[in-house]
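Q: Please take a close look at one part of this model. Start with the part and work outward to what surrounds it. Keep it brisk.

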Amino acid sequence: VVLQELLRTLGLECDVVSTGRKGLEYFRGRHLPTIGQSKSHRPCLAFVDYDLPQMLGPEVIRKLREFEEENGLEPSIIIGHTAYGEVEQAEMIESGADDILPKPVNFERLQSLLTQYQMTGKL
């Protein structure tokens with residue numbers, strides 16, 4: 001919720017899901033219409049929490065990356081989001097996360113990530 005409010009402060013819209021499984025369903029549903037089409041669509045930006053109900057963040061990230069690869073999709077930008085330490089952060093990176101946004105959220109770090117990945121508008 002904190003991250004969602006910070007993104008809104010920056011003028012960005014985002015969708016939020018409550019579990020790892022719902023996140024996978026949302027991601028797959030968002031991309032199914034583009035499968036088999038040009039890779040010119042803009043990839044999404046996903047913030048994936050480490051400690052999700054039903055499925056931990058690293059597993060969600062692995063499954064997202066597998067789905068992209070199996071369907072020839074341009075990789076989305078996945079940011080791991082965690083209050084845990086270096087071991088969990090490394091696990092998220094090894095699973096396929098592009099970067100990490102530690103908790104508590106540092107507003108400047110969030111802005112830096114959004115600038116780095118050139119994200120504006122709807123996430």
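A: A residue counts as buried under 20% relative accessible area and as exposed over 50%; partly exposed lies in between. Those cut-offs are used throughout. The model is predicted.

The part chosen is strand β1, residues 45-49. Is this strand mostly covered or mostly open? Mostly covered: 4 of its 5 residues are buried. Its partner is strand β2, residues 77-82. The two strands run parallel, joined by 5 bridges. One facing pair shows the register: A46 stands opposite I78 of β2. Between the two strands the chain passes through helix α3, residues 57-70. That β-α-β crossover is right-handed.

Move one strand further. β2 also pairs with β3, again in the parallel sense, over 4 bridges. Here G80 stands opposite I100 in β3. The link from β2 to β3 is helix α4, residues 86-95, and this crossover is right-handed too.

Now return to β1 and its end residue. Which side chain meets that of D49 in a salt bridge? K103 does, with N and O 2.4 Å apart. The pair ties together distant parts of the chain: D49 belongs to strand β1, K103 to the loop between β3 and α5, and 54 residues separate them. The two ends of this bridge differ in cover. D49 has a relative accessible area of 18%, which is under 20%, so this residue is buried. K103 stands at 33%, between the two cut-offs, and is therefore partly exposed. The D49–K103 bridge is one of 6 salt bridges.

The loop after β1 brings an aromatic contact. The search of the whole structure gives 2 aromatic pairs. Take first the pair away from the loops. F27 and F67 have ring centres 6.1 Å apart and planes at 75°, so they meet edge-to-face. F27 sits in helix α2 (residues 20-31) and F67 in helix α3, 40 residues apart. Both rings are covered: F27 is buried at 5% relative accessible area, and F67 is buried at 9%. The other pair is Y50 with Y84. Their ring centres are 5.4 Å apart and their planes meet at 75°, so this pair is edge-to-face as well. Y50 lies in the loop between β1 and α3. Y84 lies in the loop between β2 and α4, 34 residues away. Cover differs here. Y50 is buried at 10%, while Y84 is partly exposed at 39%.

What of the crossover helix itself? Helix α3 holds a salt bridge of its own. K63 and E59 meet at 4.0 Å, N to O. Both lie in α3, 4 residues apart, about one turn of the helix. K63 has 29% relative accessible area and is partly exposed. E59 is partly exposed too, at 34%. A further set of bridges shares partners: R65, E68 and D98 join into one network.

Last comes helix α1, residues 2-9, whose buried residues are L3, Q4, L6 and L7. Seen down the axis, the buried residues of α1 fall within an arc of 165°, so they line one face of the helix. What covers them? The cover includes β1, β2, β3 (99-102) and α5 (107-116). The chosen strand is thus among the elements that cover this face. On the other side of α1, V2 and T9 are exposed.

This helix also has a salt bridge. R8 and E5 have their closest N and O atoms 3.2 Å apart. Both residues lie in α1, 3 residues apart, about one turn. R8 is partly exposed at 46%. E5 is partly exposed at 40%. Just after α1, G11 takes a positive phi of about 80°.

Back to the start, then. β1 is mostly covered, pairs in parallel with β2, helps cover the buried residues of α1, and carries D49, whose bridge reaches K103 in the loop between β3 and α5.

Definitions and conventions
Residues are numbered from 1 along each chain as its sequence is written. This is a predicted model: local features need pLDDT of at least 70, side-chain atom pairs count only at pLDDT 80 or more; totals for chains, interfaces and linings use all residues. Side-chain values use heavy atoms; hydrogens and water are left out. Buried means under 20% relative accessible area, exposed over 50%, partly exposed in between (1.4 Å probe, protein chains only). Two strands pair if DSSP finds at least two bridges between them. A crossover is right-handed if, with the strands pointing away from the viewer, the path from the first strand over the helix to the second runs clockwise. The arc is that of the directions from the helix axis to the C-beta atoms. Contact means heavy atoms within 4.5 Å. Rings of Phe, Tyr and Trp (its six-membered ring) pair if their centres lie within 6.5 Å; planes under 30 degrees apart count as stacked, over 60 as edge-to-face and the rest as tilted.
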